[in-house]
Amino acid sequence: QVQLVESGGGLVQAGGSLRLSCTASLRTLVIYDVGWFRQAPGKEREFVVSISMSGASTFYADSVKGRATISRNNAENTVYLQMNGLKPEDTAVYYCAAGSTGRYSHQYPHWGQGTQVTVSS
């Protein structure tokens with residue numbers, strides 16, 4: 001069973017930046033495509049961004065395009081999500097997921113527990 005752990009969330013002012021990290025047990029992340037999803041209070045979980053195993057392919061949701069950058073360091077078994085120009089509407093729990101690249105939750109069988117991002121206005 002792949003265990004994913006997110007970190008890097010926190011409270012930031014609008015316009016600020018955060019870098020989220022996702023790591024996995026036993027160097028297993030390298031064999032998966034990885035996606036980030038988020039869920040705001042009272043809303044459904046939504047796709048944010050994904051990256052292929054090699055890191056060569058990425059796909060961004062329109063809501064974060066131009067403000068977010070996903071990257072991965074397979075030697076460190078870690079995927080990063082750099083978020084700049086944060087807005088209050090980015091407030092959510094951010095989840096890292098491992099599976100087959102795509103924008104749908106069912107494409108990712110492995111999920112972390114999430115990290116809270118709160119953006120104050």
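**Close-up views of a predicted model**

At 5% relative accessibility, Arg38 counts as buried. The model shown in these views is predicted.

**View 1. Arg38 forms a salt bridge with Asp90**. The closest N and O atoms of Arg38 and Asp90 are 2.9 Å apart. This pair links distant parts of the chain, with the two positions 52 residues apart in numbering. Arg38 belongs to strand β4, residues 33-39. Asp90 sits in the loop between β8 and β9, the latter spanning 92-99. Both Arg38 and Asp90 are buried.

**View 2. Arg38 also forms a salt bridge with Glu46**. Here the closest N and O atoms are 2.5 Å apart. The two partners differ in exposure: Arg38 is buried at 5% relative accessibility, whereas Glu46 is partly exposed, with a relative accessible area of 34%. Because buried means under 20% and exposed over 50%, a residue in between is called partly exposed. Salt bridges that share partners join Arg38, Glu46, Arg67 and Asp90 into one network.

**View 3. Asp62 and Lys65 form a salt bridge**. Their closest N and O atoms lie 3.2 Å apart. Both Asp62 and Lys65 are exposed. The model has 4 salt bridges by count.

**View 4. A disulfide joins Cys22 to Cys96**. The S to S distance is 1.8 Å. The count of disulfides in the model is 1. The torsion about the S-S bond of Cys22 and Cys96 is about -60 degrees, so the disulfide is left-handed. Cys22 lies in strand β3 and Cys96 in strand β9, so the pair ties together parts that are 74 residues apart in sequence. Both cysteines, Cys22 and Cys96, are buried.

**View 5. Strand β8 pairs with β3 and with β7**. Strand β3, residues 18-24, runs antiparallel to β8 and is joined to it by 6 bridges. Within this pairing, Arg19 has Gln82 of β8 as its bridge partner. Strand β7, residues 68-73, pairs with β8 in the antiparallel sense, again over 6 bridges. Ala68 stands opposite Met83 in β8. In β8, 5 of the 6 residues are buried, so the strand is largely enclosed by the rest of the structure.

**View 6. β7 and β8 form a hairpin**. There are 4 residues between the two strands. Asn77, in the turn, has a positive phi of about 60 degrees.

**View 7. Thr78 is found in strand β8**. The strand covers residues 78-83. Thr78 has a relative accessible area of 10%, so this residue is buried. The side chain of Thr78 reaches the backbone oxygen of Glu76 at 2.9 Å. Leaving aside neighbours within four places in sequence, Thr78 is in contact with Ser21, Cys22, Thr23, Leu29, Arg72 and Asn73. Among these contacts is Cys22, the residue joined to Cys96 by the disulfide of View 4.

Notes:
Residues numbered from 1 in each chain as written. Predicted model: local features only at pLDDT ≥ 70, side-chain atom pairs only at ≥ 80, totals over all residues. Heavy atoms only, no water. Buried < 20%, exposed > 50% of the residue type's maximum accessible area, 1.4 Å probe, protein only. Polar contact = N/O pair within 3.5 Å; in protein donor to acceptor, adjacent residues only side chain to side chain. Contact = heavy atoms within 4.5 Å. Pairing = 2+ DSSP bridges. Salt bridge = Lys/Arg side-chain N within 4 Å of Asp/Glu carboxyl O. Disulfide = S-S within 2.5 Å.
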